[in-house]
Amino acid sequence: MTHDELQNDLAKHLRVGTDRMVWTNMQLGPSGSPRPDVFTVNRSFARFRTDCYAIQVSLADLRPDLTRGPRPSSLRFGHAVRF
């Protein structure tokens with residue numbers, strides 16, 4: 001599967017049977033801010049939670065994110081960053 005196919009498949013999976021609002025490739029904040037592949041927000045003010053998902057299609061694609069990664073910048077906008 002390609003990156004976009006995986007991104008759309010994950011977004012579809014997260015929309016079905018959950019209480020989440022789901023966006024794909026959405027920029028969080030001003031220009032240059034993180035742009036997670038999938039971003040979710042619970043539909044609850046009592047249990048408000050945001051999650052950022054980064055799609056990696058190969059180990060070579062994953063390594064840079066684990067060493068320098070989008071984690072610190074994405075964590076400003078999400079409770080968790082998932083790969």
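This passage describes the overall fold, the strand pairing and the side-chain pairs of a predicted model.

The protein contains three helices and four strands, and from the N terminus onward these elements follow the order α-β-β-β-α-α-β. A compact globule of 83 residues would be expected to have a radius of gyration near 12 Å, and the value of 13 Å found for the protein therefore agrees with that expectation. The C-alpha trace spans about 40 × 30 × 20 Å along its principal axes. The accessible surface amounts to about 5,400 Å², and carbon and sulfur atoms contribute 54% of this area. Of the 83 residues, 34% count as buried. Among contacts with a separation of 6 or more, 40% involve residues that lie 24 or more positions apart.

Strand E3, which covers residues 50-53, takes part in two pairings. With E2 the strand E3 runs antiparallel, the two being joined by four bridges, whereas with E4, which comprises residues 80-82, the strand E3 pairs in the parallel sense over three bridges. Tyr53 appears in both of these arrangements: Val38 stands opposite Tyr53 on the side of the E2 and E3 pairing, and in E4 the bridge partner of Tyr53 is Arg82. In a regular strand the side chains alternate between the two faces of the sheet. In E3, Thr50 and Cys52 point one way while Asp51 and Tyr53 point the other way, and all of these residues are buried.

Side chains of opposite charge can pair when their charged atoms come close. In this model the count of salt bridges comes to two. One of them is formed by Asp19 and Arg47, whose closest N and O atoms are 2.7 Å apart. This pair links distant parts of the chain, with Asp19 located in the loop between helix H1 (3-15) and strand E1 (20-24) and Arg47 in the loop between strand E2 (38-42) and strand E3 (50-53), a separation of 28 residues. The two partners fall into separate accessibility classes: Asp19 has a relative accessibility of 30% and so counts as partly exposed, while Arg47, at 52%, counts as exposed.

The other salt bridge joins Arg49 to Asp51, and here the closest N and O atoms lie 3.2 Å apart. Arg49 has a relative accessible area of 31% and is therefore partly exposed. Asp51, by contrast, retains a relative accessible area of 3% and is therefore buried; within E3, Asp51 points the same way as Tyr53.

A pair of aromatic rings is described by the distance of the centres and the angle of the planes. A search of the whole structure finds one aromatic pair. The rings of Trp23 and Phe39 form this pair, with 6.2 Å from centre to centre and 35 degrees between the planes, and the arrangement is classed as tilted. Like the salt bridge between Asp19 and Arg47, the aromatic pair links distant parts of the chain, since Trp23 belongs to strand E1 and Phe39 to strand E2, 16 residues apart. Trp23 counts as partly exposed because its relative accessibility is 33%, whereas Phe39, with a relative accessible area of 7%, is buried.

Technical notes
Residues are numbered from 1 along each chain as its sequence is written. This is a predicted model: local features need pLDDT of at least 70, side-chain atom pairs count only at pLDDT 80 or more; totals for chains, interfaces and linings use all residues. Side-chain values use heavy atoms; hydrogens and water are left out. A salt bridge is a side-chain nitrogen of Lys or Arg within 4 Å of a carboxyl oxygen of Asp or Glu. Buried means under 20% relative accessible area, exposed over 50%, partly exposed in between (1.4 Å probe, protein chains only). Two strands pair if DSSP finds at least two bridges between them. The radius of gyration is taken over C-alpha atoms; the globule rule is 2.2 Å times the number of residues to the power 0.38. Contact means heavy atoms within 4.5 Å. Accessible areas come from the Shrake-Rupley method with a 1.4 Å probe; for residues, only the protein chains shown count as cover. Rings of Phe, Tyr and Trp (its six-membered ring) pair if their centres lie within 6.5 Å; planes under 30 degrees apart count as stacked, over 60 as edge-to-face and the rest as tilted.
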